[in-house]
Amino acid sequence: MPTMTDSLVAVAMSGGVDSSTVAALLRKQGRQVIGLTMQLWNQRRLPELSSEGAHGRCCSLDDVYDARHVAQQLGIPYYVLNFEQRFEEQVVRPFIQEYLQGRTPVPCTLCNNFVKFDDFIDFAAGLGAERIATGHYARIAWNEETGRHELRRGADASKDQTYFLFGLTQRQLSRTLFPLGDLTKEEVRKLAAELEVPVAKKPDSQEICFVPNGDYAAFIDAYFEEQGIPANAASGEIVDTSGKVIGGHSGVHHFTVGQRRRLGIAAGEPLYVIETQPASQRVVVGRNQDLLRGELMARDVNWISIPGLTEAVRAAVKIRNKHIAAPATLLPTGDAKRTRVLFDEPQRAITPGQAAVFYQDDLVVGGGWIA
Amino acid sequence: MRVDMAVRIEVIAVVNRFYFDHNATTPVSSEVLAEHIEALREVYGNASSIHHNGQRAKQALEEARRRVAAAIGAESREIVFLSGGTEAGNLAILGVVRASTKLRKHVITSVIEHPAVMNTCAQLEREGVEVTYLPVSPGGVVDPDSVRQTLREDTVLVTLMHANNETGTVQPVEAIGRITREAGIAFHSDGVQAFGKIPVGVNTLGVDLYTISGHKIYAPKGVGALYVRKGTKLVPLLFGGHHERDRRPGTENVPGAVALGCAAAVAVRDLEAESSRLDALRNRLERAILERVPHSGVNGGAVARVPNTTNIYFDGVQGEAMVIALDLAGFAVSTGSACSSGAVEPSHVLTALGLKKERARASLRFSLGRSNTAAQVDALAEAVVEAAGRLRSLSPAYAHHD
């Protein structure tokens, strides 16, 4: 692949230390850089959800201020883009839909697949930027032998973000730079200080950007209210594994598989959410060992290191961001978009809506959504 | 799909910048600047003070007031200096409505007003005043008959802009003024985008209140004027000393007023020559773009407009991307309105004209001014053709056109 060191790069700047350091780093390397901030969500929209904690979160005015400050210091052109409509369509509404279907979605992946590495790449191209750069902890490499762009885990295992990037296509990977992929967070902060990036000491953001307090159920309830949807539309029963009704609830979106808290039921041993059944609005609870499953079906699978699955392949599979990838066998089905994953050992709380990402060591083979 | 990199790299380092956003603000002209600096340097007295320094400031202030009054055919005591167009609009609307002793109050405005008027009316609604927002024709014009039909027993104010900031459309203020005069109802017109571009005479127009902003006519930011016809009942928004005939307290911004007085006089002096020059340049720009960019057109072009403004849609192009692309190429133009983060929101004016959201988002405003030349206009047209072509080549939305 030709490397165009002199071409224009658009840096997706959030105002945080990672993307700010990316801009500073590329600038130091002598590249032509423009900084762009995607305004994704209006934090004032659901004011009942914002609190002191909302400050400094993604898309707040403070973040835009920080990003602009960094861009000015670096002397690069900088603009804020209004991506609110597409974010709502591509991320927020699907996020809510998933919860209502009894699944537990990963909005950051939706945002990556359909906003950051899709619309944003096109927008940048329109400005003459052939490449975009972000502050993700992941690595992209070109494999001469296979003729494919590969995605690998970031050097900092604790910060690796490939779990959220499994949906990237070859075209998207070919246009993306992850300049922090070889660095640890500690090294990035040191580098930021060396490069005199104004936000070098800014704390990391943790929660999903549009739900600053992390309370997804409250967000969904507030969104319903804003849209004029009756809040109790999703109430139903809590049942045990034998089908016996043991309580009621105010919506399946308040529950996620494996969760112990907030059941509001007194019982002899701890109860966990085993499954949510959106059709009947039922939430099934049971003992911890009822959560163990030996296999899953992944849908809408995206392959990265290989063009597709033709035979059984061994991989380590990660079923949520904090999960340690477990050894498994990937099996093709008749449908190219669906893959069966057989774990060597049963896994706890395989949660529909989360991603299953397939690894071979550092290499991301591909991934899909847990059906 | 291939992007022409060579051109792009150059433009990042562009030195020449051409400014085509005079409806947003204007640079301070050298004539105005000279008087402003002189006043800043020499006229430092408080215009309310008894001593010589104060008297000198008072003299400069009143001279400025006379110049502004003369520029719009008013008497000097009918001019209130204040901080700018937004404050003038607020004072006119809130001041008149709150001065009315009627039990029920009704205000008439339009759907294409500037936020300074629109959001002031929204505030009145929160305070229990009823507001009628008149629609506009597809060209962007309020029908005077609709004003007549909307007038009620309890109507206390009609507030309609003179020229629209986004399309340049000129409203039939004179015809509406006849109606409000006949009905004996106060009439405010926001003239921020009209004064300096077309002739303004408050008596010809039949307005009782008229808003002027300094920074749209080559004076600095932070100064403006409200014309208040004598006899119009108005209560102040702010409380303090007896400045500006008890209508606007606060130590007078004399250097600002001096600059506004100078700018107003210059605007009137140069109006005829400058407006015909800008009209020709604007038409040259429109012709060049419309001839060379397919599926483009003028929003609100078939009606009376101020000579410096054109608003053009480019179907299949995101206005936001186009503004950034043109900025990188050295041209300042605008689209929609900026929200607090600096991101662009679609224009409420264009959707009020009946444009679909997509077309409103695909529209750019070009507003010309003193510094622009034919050569600049040609360069801008060239850059617009290039940017529209490149953005369309990347746009899935545009694919169905060809």
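**Domains of chain A**

I looked up where domain 1 of chain A meets domain 2 of chain A, and I found 5 residues of domain 1 in contact with 8 residues of domain 2, where two residues are in contact if their C-beta atoms, placed from the backbone, lie within 7 Å. On the side of domain 1 of chain A that touches domain 2 of chain A, I noted 2 nonpolar, 3 polar and no charged residues; Ala, Val, Leu, Ile, Met, Phe, Trp, Tyr, Cys and Pro count as nonpolar, Asp, Glu, Lys and Arg as charged, and the others, Gly among them, as polar. The C-alpha centres of these two domains of chain A lie 36 Å apart. I took the bounds for chain A as domain 1 (9-194), domain 2 (233-286) and domain 3 (292-370), and such bounds come from an automatic or database domain assignment.

I kept in mind that this is a predicted model, in which local features need pLDDT of at least 70 and side-chain atom pairs count only at pLDDT 80 or more, while totals for chains, interfaces and linings use all residues. Residues are numbered from 1 along each chain as its sequence is written, and chains are lettered from A and ligands numbered from 1 in the order in which they are written.

**Helix H1 of chain A**

I next followed helix H1 (residues 17-28) of chain A, which has 12 residues and reaches 16 Å from its first C-alpha to its last, close to the 16 Å expected at 1.5 Å a residue. The expected span is 1.5 Å times one less than the number of residues, and helices (H or I, at least four residues) and strands (E, at least two) are DSSP runs, numbered from the N terminus.

Why is H1(A) largely enclosed by the rest of the structure? I found that 11 of its 12 residues are buried, so the rest of the structure largely encloses H1(A); buried means that 20 or more other C-beta atoms lie within 10 Å of a residue's own, with C-beta atoms placed from the backbone. The buried residues include A:Val17, A:Asp18 and A:Arg27, and among the elements that cover them are strand E1 (9-12) and helix H6 (185-194) of chain A.

**Between the chains**

I then turned to the contact between the chains, which takes 19 residues from chain A and 19 residues from chain B. Helix H2 (61-74), strand E3 (78-82) and helix H4 (107-126) of chain A each supply at least two residues of the side of chain A that touches chain B.
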